[in-house]
Amino acid sequence: MRTNPAIQAAIDLTAGAAGGTACVLTGQPFDTAKVKMQTFPSMYKGLLECIVKTYKQVGLRGFYKGTTPALVANIAENSVLFMCYGFCQQIVRRVVGVDRKAKLSDLQNAAAGSFASAFAALVLCPTELVKCRLQTMHEMQLSGKIIQGHNTVWSVVKSVIQKDGPLGFYHGLSSTLLREVPGYFFFFGGYELSRTFFAAERPKDQLGPIPLMVSGGFGGICLWIAVYPVDCVKSRIQVLSMSGKQAGFMGTFANILRNEGVFALYSGLKPTLIRAFPANGALFLAYEYSRKMMMEQVDMY
């Protein structure tokens with residue numbers, strides 16, 4: 001049965017929200033360590049030191065700072081991402097001149113994911129800015145860049161509006177787009193290639209949970225290896241703009257290279273890669289299974 005486009009979009013949006021929730025609940029502590037190490041590489045020599053210092057200074061709750069905006073960010077991003085992914089797949093089908101029900105190649109799915117990520121970046125940037133600032137508030141105070149920190153989502157939101165107005169939430173938008181568009185090409189490309197490998201002669205829809213999780217984890221690893229330096233620059237812009245005017249993408253990038261060297265762009269890569277596998281595996285598992293369940297319910301009527 002042909003599904004109504006509006007119903008299909010709602011299913012993709014809901015399944016994306018389920019995937020985003022699973023992603024955050026699985027990987028939040030490692031994401032916190034990543035943002036801390038990206039923004040203040042001189043404070044932490046490695047992942048273990050970051051974990052130990054954070055636990056001693058702030059306790060276990062320090063690893064879950066920014067969880068609420070992280071949930072909002074990931075639910076919003078993945079809802080829009082997977083809804084637009086469905087639309088972009090149809091656009092790719094029109095461009096290449098195939099039937100709207102035809103299966104796309106792995107490369108064509110990667111292109112559709114890349115296009116879809118540009119729309120997701122618009123809802124991701126504001127929520128990720130709040131998340132990153134909450135995660136690094138302790139370090140901003142320790143370094144003397146701010147006198148008084150903000151410990152709640154609302155206090156961060158209020159400070160952004162008071163200081164920069166609504167457009168302040170889009171600090172780092174160009175960096176977010178530079179990360180998302182190429183990154184999600186590798187994300188969906190890696191995921192689809194891995195599913196093709198596991199499927200062999202079977203349809204991809206028949207894959208079990210383990211191959212789906214491995215494929216999702218592989219897609220996440222591909223994304224972060226490809227665009228990690230861009231994400232590092234984005235985190236710097238979003239966090240350090242709290243203490244005053246911050247240079248744009250090229251200015252911040254050049255400043256890191258000049259003062260800290262190329263390896264500073266890879267600060268926090270280890271927790272990112274550790275997090276990427278289980279978090280993105282959980283994302284795709286939740287997305288595929290919830291989408292399949294909803295599609296079966298729709299087909300019954």
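**Exercise 1. A lysine and its partner**

Task: Decide whether Lys36 is buried or exposed, and then establish which residue forms a salt bridge with Lys36.

Solution: In this predicted model, Lys36 has a relative accessibility of 3%, and since buried means under 20% relative accessible area, Lys36 counts as buried. The next step is to look for the partner, which is Glu139, with the closest N and O atoms of the two residues 2.9 Å apart. Placing both residues on the chain, one finds Glu139 in helix H5 (residues 137-142) and Lys36 in helix H1, so the salt bridge ties together parts that are 103 residues apart in sequence. The last step concerns the environment of the acid: Glu139 has a relative accessible area of 0% and is therefore buried.

**Exercise 2. Further salt bridges and a network**

Task: State how many salt bridges a search of the whole structure finds, and examine the pairs Lys34 with Asp231 and Glu288 with Arg195.

Solution: The search of the whole structure returns 16 salt bridges. For the pair of Lys34 and Asp231, the closest N and O atoms lie 3.0 Å apart. This pair links distant parts of the chain, with Lys34 in helix H1 (residues 5-39) and Asp231 in helix H8 (residues 209-240), 197 residues apart. Lys34 and Asp231 are both buried.

For the pair of Glu288 and Arg195, the closest N and O atoms are 3.8 Å apart, a value to be judged against the salt-bridge cut-off of 4 Å. Returning to the salt bridge of Glu288 with Arg195, the two residues sit in helix H10 (residues 269-299) and helix H7 (residues 173-199) respectively, so the contact ties together parts that are 93 residues apart in sequence. Glu288 is buried, and Arg195 is buried too. As a final step, one can follow salt bridges that share partners, which join Asp31, Lys34, Glu128, Lys131, Arg179, Glu180, Asp231 and Lys234 into one network.

**Exercise 3. Aromatic contacts**

Task: Give the number of aromatic pairs that the structure holds, and describe the geometry of Tyr85 with Phe188 and of Tyr228 with Tyr266.

Solution: The structure holds 16 aromatic pairs. In the pair of Tyr85 and Phe188, the ring centres are 4.2 Å apart and the planes make an angle of 25°, a stacked arrangement. The pair joins distant parts of the chain, with Tyr85 in helix H3 and Phe188 in helix H7, 103 residues apart. Both Tyr85 and Phe188 are buried.

The pair of Tyr228 and Tyr266 is stacked, with 6.4 Å from centre to centre and 20° between the planes. Here the link runs from Tyr228 in helix H8 to Tyr266 in the loop between helix H9 (249-260) and H10, 38 residues apart. On accessibility the two residues must be treated separately: Tyr228 is buried, with a relative accessible area of 0%, whereas Tyr266 counts as partly exposed at 37% relative accessibility. To complete the aromatic picture, Phe82, Tyr85, Tyr184, Phe187, Phe188, Tyr191, Phe284 and Tyr287 form one aromatic cluster.

**Exercise 4. Cysteines**

Task: Determine how many disulfides are counted, and explain why Cys125 and Cys232 do not contribute to that count.

Solution: The criterion is a pair of cysteine sulfur atoms within 2.5 Å. For Cys125, the closest cysteine sulfur belongs to Cys132 and is 9.5 Å away, which is too far for a bond. For Cys232, the closest cysteine sulfur is likewise in Cys132, at 11 Å, again too far for a bond. The count accordingly comes to zero disulfides. On accessibility, Cys125 is buried at 0% relative accessible area, and Cys232 is buried at 0% as well.

**Exercise 5. Annotated repeats and a surface patch**

Task: Compile the secondary structure of two of the annotated repeats, and then identify the residues of a nonpolar surface patch.

Solution: An unreviewed UniProt entry lists "repeat: Solcar" for residues 7-91, 104-197 and 207-293. Residues 7-91 are 82% helix and 0% strand, with end C-alpha atoms 18 Å apart, while residues 207-293 are 79% helix and 0% strand, with end C-alpha atoms 14 Å apart. Turning to the surface, Ile91, Val95, Val96 and Val98 make a nonpolar patch of about 340 Å². Within this patch, Val95 belongs to helix H3 (residues 67-96) and counts as exposed at 67% relative accessibility.

Methods:
Residues are numbered from 1 along each chain as its sequence is written. This is a predicted model: local features need pLDDT of at least 70, side-chain atom pairs count only at pLDDT 80 or more; totals for chains, interfaces and linings use all residues. Side-chain values use heavy atoms; hydrogens and water are left out. UniProt positions are given in the numbering used here, feature names are shortened, and annotations may be inferred rather than shown by experiment. Helices (H or I, at least four residues) and strands (E, at least two) are DSSP runs, numbered from the N terminus. Patches are made of residues with over 30% relative accessible area and no salt bridge: like charges are joined within 9 Å, nonpolar side chains (Val, Leu, Ile, Met, Phe, Trp, Tyr) within 5 Å. Accessible areas come from the Shrake-Rupley method with a 1.4 Å probe; for residues, only the protein chains shown count as cover. A salt bridge is a side-chain nitrogen of Lys or Arg within 4 Å of a carboxyl oxygen of Asp or Glu. Buried means under 20% relative accessible area, exposed over 50%, partly exposed in between (1.4 Å probe, protein chains only). Rings of Phe, Tyr and Trp (its six-membered ring) pair if their centres lie within 6.5 Å; planes under 30 degrees apart count as stacked, over 60 as edge-to-face and the rest as tilted.
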